[in-house]
Amino acid sequence: MIAGPFAAAGNAQQNALPPPGQPGSGVAPTPRNAPETFESREIIEQGHAFFGSISRGLALTVQEAFSRWGQPNGYILGQEAGGAFIGGLRYGEGVLYTRNAGNRNVFWQGPSIGFDFGGEGSRTMMLVYELPSTDAIYQRFLGMDGSAFVVGGFGMTALSANYIIVVPIRSGVGARLGINIGYLNFTESPTWNPF
């Protein structure tokens with residue numbers, strides 16, 4: 001069951017996220033059953049430990065991501081804060097986890113523009129697909145926020161760059177309403193420059 005302030009928009013537009021491997025989508029197919037990927041059970045267990053509660057909303061959101069893109073070969077756990085009044089900013093930090101390529105500290109920041117108002121602080125889990133190396137995370141990922149999938153207090157969007165897909169799953173406090181387009185720039189060290 002879809003719930004939350006973007007329920008109608010989320011339900012109507014959840015098919016706007018590109019499925020992998022289709023011609024013209026710009027997204028390479030995700031290999032199935034690759035040993036370096038994570039199963040949904042592992043991601044849900046990590047999410048429950050990280051978000052601090054067992055939530056049906058988290059499980060449904062993760063299952064939706066797995067049905068669209070398959071098994072990720074990395075994930076990020078972190079925290080972020082953001083705010084907007086037509087134009088917005090978002091800053092965050094966390095750790096990228098991979099099964100066989102090690103873990104890396106990551107920071108992200110980015111601007112957005114659109115019909116978007118409010119502020120928020122959130123714990124964030126990001127599923128990472130088709131990551132060829134841990135260094136490949138350090139680039140800009142473009143996407144649309146507020147338009148994908150909202151269930152049980154968890155929101156999911158999709159960002160992409162160079163065949164890599166990053167799927168932020170957020171749960172937090174605050175109120176931020178609207179739809180925007182922007183990007184997240186992942187860096188090795190923190191910076192106040194959102195560009």
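**Figure 1. Aromatic pairs in the predicted model.** Six aromatic pairs are counted in this structure, which is a predicted model. One of them joins Phe50 and Phe51 in an edge-to-face arrangement, with 5.3 Å between the ring centres and 70° between the planes. Phe50 is buried, its relative accessible area being 17%, and Phe51 is likewise counted as buried at 14% relative accessibility. A tilted pair is formed by Trp108 and Phe186, whose centres are 5.8 Å apart and whose planes meet at 45°. This pair connects distant parts of the chain, since Trp108 belongs to strand β2 (residues 104-129) and Phe186 to strand β5 (residues 164-187), 78 residues apart. Trp108 counts as buried, with 0% relative accessibility; Phe186 also counts as buried, at 2%.

**Figure 2. The buried side of helix α2.** Helix α2 comprises 12 residues (residues 40-51), for which a rise of 1.5 Å a residue predicts a span of 16 Å; the C-alpha atoms at its ends are 16 Å apart, in agreement with that expectation. Its buried residues are Ile43, Ile44, Gly47, His48, Phe50 and Phe51. These residues cover an arc of only 165° around the axis and therefore lie on the same side of α2. An α-helix has 3.6 residues a turn, so residues three or four places apart point the same way. Just after the helix, Gly52 adopts a positive phi of about 85°.

**Figure 3. Arginine side chains over aromatic rings.** Arg123 is placed over the face of Phe50, at 5.0 Å from the ring centre. Because its relative accessible area of 17% is under 20%, Phe50 counts as buried. A second arginine, Arg99, lies over the face of Phe38, at 4.5 Å from the ring centre. Phe38 is also part of one aromatic cluster with Tyr75 and Tyr97.

**Figure 4. Salt bridges involving Arg99 and the residues around helix α2.** Eight salt bridges are found in the whole structure. In one of them, the side chains of Glu42 and Arg99 meet with an N to O distance of 2.8 Å. Glu42 is in helix α2, whereas Arg99 is in the loop between β1 (74-97) and β2; the two are 57 residues apart, and the pair thus links distant parts of the chain. Arg99 counts as partly exposed, at 38% relative accessibility. Glu39, Arg41 and Glu45 are linked in a network of salt bridges.

**Figure 5. A salt bridge within helix α3.** Arg68 forms a salt bridge with Glu64, and the closest N and O atoms are 2.7 Å apart. Both residues lie in helix α3 (residues 56-69), where Arg68 and Glu64 are four residues apart, about one turn of the helix. Arg68 and Glu64 are both buried.

**Figure 6. A salt bridge between strands β1 and β5.** The side chains of Glu80 and Arg170 form a salt bridge with an N to O distance of 2.3 Å. The pair links distant parts of the chain, with Glu80 in strand β1 and Arg170 in strand β5, 90 residues apart. Glu80 is buried, with a relative accessible area of 5%. Arg170 is buried as well, with a relative accessible area of 12%.

Notes. Residues numbered from 1 in each chain as written. Predicted model: local features only at pLDDT ≥ 70, side-chain atom pairs only at ≥ 80, totals over all residues. Heavy atoms only, no water. Expected span 1.5 Å × (residues − 1). Buried < 20%, exposed > 50% of the residue type's maximum accessible area, 1.4 Å probe, protein only. Arc of directions from axis to C-beta. Phe/Tyr/Trp six-rings, centres within 6.5 Å; stacked < 30°, edge-to-face > 60°. Lys NZ or Arg CZ within 6 Å of the ring centre and 35° of its normal. Salt bridge = Lys/Arg side-chain N within 4 Å of Asp/Glu carboxyl O.
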